[in-house]
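This report walks through one protein chain, from its overall layout to its salt bridges and a pocket. Please keep the structure in view while reading.

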Amino acid sequence: MLRTLRTLGTLGALRMLRTLRTLGMLRTLGTLGTLRTKKGSNSNPNGNAGQGTAGTDRHNMVEMADPSVNYPLTSEKPLKMFTNAEIVWRSDEETKTKQDLILSMASSGYYNSMTLCKASPQKTELNDELNNAPASYRGMLLRFAPGEYYYMCTRNNNFSNRNQKGRLVVRNVPGSKLSKK
C-alpha cells in the first residue's frame with residue numbers, strides 16, 4: 001500500500017486513505033497528519049515586502065518550546081514533535097530517519113538526508129533566510145504521538161512586524177499505534 005501512496009503524491013495519498021476509511025478498509029486515520037507548508041513563491045505578483053529576496057516567499061517548520069518565545073528549540077534540547085512521529089509516507093525517498101525528517105522540515109526540503117548532507121559538501125550552504133530552498137515543500141504523511149507541539153517558521157519571524165507560529169494538538173486515539181499506554 002505504501003508503494004501505491006508514493007506514486008499518488010501527497011493529496012492523492014490523503015484522498016486514498018480517506019476513501020479506504022469510508023469503505024471500512026481502514027479503521028481510522030487516527031493521528032495521521034499531512035505536512036505540506038504553504039506554497040512558496042519565486043515571484044510575488046503583489047511585490048509584498050517580506051524576509052529574504054524581494055518578491056519571494058519560503059516556509060520551514062521547526063519545533064519551539066512554547067509560543068511566547070521567538071526562537072526554535074536547538075539540538076541540545078529534547079525535540080518531541082518529529083522524533084516521536086512515524087513517517088507513514090514521504091515524497092522524498094532519501095528522508096528515512098527522524099533526524100532526516102527534522103533536517104528536511106527545518107531546511108524547507110533543501111536537505112533531505114543527514115547522510116547525503118554530510119556526503120555532499122559541495123552543495124551550496126542553505127541561506128539563513130531560505131532564499132535557495134525550494135519554493136514549495138513536497139510533503140509527507142506523519143503519524144504524530146499524542147501531545148501538544150509548538151512550531152514556527154524561522155524566515156517569517158521578524159520581531160518588528162510578523163511571526164509565523166503554530167500549535168499542533170494530537171489527542172489520544174484508543175487502539176492507535178502511538179496512543180499513550
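A residue counts as buried under 20% relative accessible area, as exposed over 50%, and as partly exposed in between. Glu94 has a relative accessible area of 33%, so Glu94 is partly exposed. Glu94 sits in the loop between S3 and H2. The model discussed here is predicted.

**Overall layout**

The protein chain holds 3 helices and 6 strands. Along the sequence they follow the pattern α-β-β-β-α-α-β-β-β. The chain has 181 residues, and 39% of them count as buried.

**The S3-S4 pair**

Strand S3 spans residues 86-90. S3 is mostly covered, with 4 of its 5 residues buried. Its partner is strand S4, residues 140-143. The two strands run antiparallel and are joined by 4 bridges. Within this pair, Glu86 stands opposite Arg143 of S4. The side chains of these two residues also meet in a salt bridge, at 2.9 Å from N to O. This contact links distant parts of the chain, since Glu86 in S3 and Arg143 in S4 are 57 residues apart.

How exposed or buried are the two partners, Glu86 and Arg143? Glu86 has a relative accessible area of 21%, so Glu86 is partly exposed. Arg143 has 18%, which is under the 20% cut-off, so Arg143 is buried.

**The three-stranded sheet**

What is the strand order of the open sheet of 3 strands? The order is S2-S5-S6, and the pairing is antiparallel. S2 and strand S6 (165-170) are the edge strands, and each pairs on one side only. Neighbouring strands in this sheet are turned by 40 degrees against each other on average, direction ignored.

Strand S5 covers residues 147-152. S5 and S6 pair in the antiparallel sense over 6 bridges. One bridge partnership here is that of Tyr149 with Leu168 in S6.

A salt bridge also connects S5 and S6. The side chains of Glu148 and Arg167 meet at 3.2 Å, N to O. Glu148 lies in S5 and Arg167 in S6, 19 residues apart, so the pair is described as linking distant parts of the chain. Glu148 is partly exposed, with a relative accessible area of 34%. Arg167 has 53%, which is over the 50% cut-off, so Arg167 is exposed.

**Salt bridges side by side**

How many salt bridges does a search of the whole structure find? The search finds 3. Two have been described above; another is formed by Glu93 with Arg90, whose closest N and O atoms are 3.6 Å apart. Glu93 is partly exposed at 39% relative accessible area. Arg90 counts as buried at 14% relative accessibility.

| Acidic residue (relative accessible area) | Basic residue (relative accessible area) | N to O distance |
|---|---|---|
| Glu86 (21%) | Arg143 (18%) | 2.9 Å |
| Glu93 (39%) | Arg90 (14%) | 3.6 Å |
| Glu148 (34%) | Arg167 (53%) | 3.2 Å |

**Helix H2 and its surroundings**

H2 contains a run of buried residues: Asp100, Leu101, Ile102, Leu103, Ser104 and Met105. One of them, Ser104, can be related to the loop before the helix. The C-alpha atoms of Glu94 and Ser104 are separated by 10.0 Å, and the two residues are 10 apart along the chain. After H2 comes Ser108, which has a positive phi, near 60 degrees.

**The second largest pocket**

The second largest pocket holds about 340 Å³ of space. Its lining is made up of 20 residues. Which of the lining residues lie nearest its centre? They are Val62, Pro72, Leu73, Ile102 and Ala106. Strand S2 (62-64) and helix H2 (98-106) are the elements that give two or more residues to the lining. The largest share, 3 residues, comes from H2. By residue class, the lining divides into 11 nonpolar, 6 polar and 3 charged residues.

Two residues tie this pocket to elements described earlier. Ile102, one of the residues nearest the centre, is among the buried residues of H2. Val62, also nearest the centre, falls within the 62-64 span of S2, an edge strand of the open sheet.

Key:
Residues numbered from 1 in each chain as written. Predicted model: local features only at pLDDT ≥ 70, side-chain atom pairs only at ≥ 80, totals over all residues. Heavy atoms only, no water. Buried < 20%, exposed > 50% of the residue type's maximum accessible area, 1.4 Å probe, protein only. Pairing = 2+ DSSP bridges. 1 Å grid on protein atoms, 1.4 Å probe; cavity = no way out; pocket = protein on both sides within 12 Å on 5 of 7 lines; lining within 4 Å. Points joined across faces, edges and corners; volume = space filled by probe spheres on them. Nonpolar A, V, L, I, M, F, W, Y, C, P; charged D, E, K, R; others polar. Axes fitted to C-alpha atoms, helices over the stretch in contact; angles between N-to-C directions. Salt bridge = Lys/Arg side-chain N within 4 Å of Asp/Glu carboxyl O.
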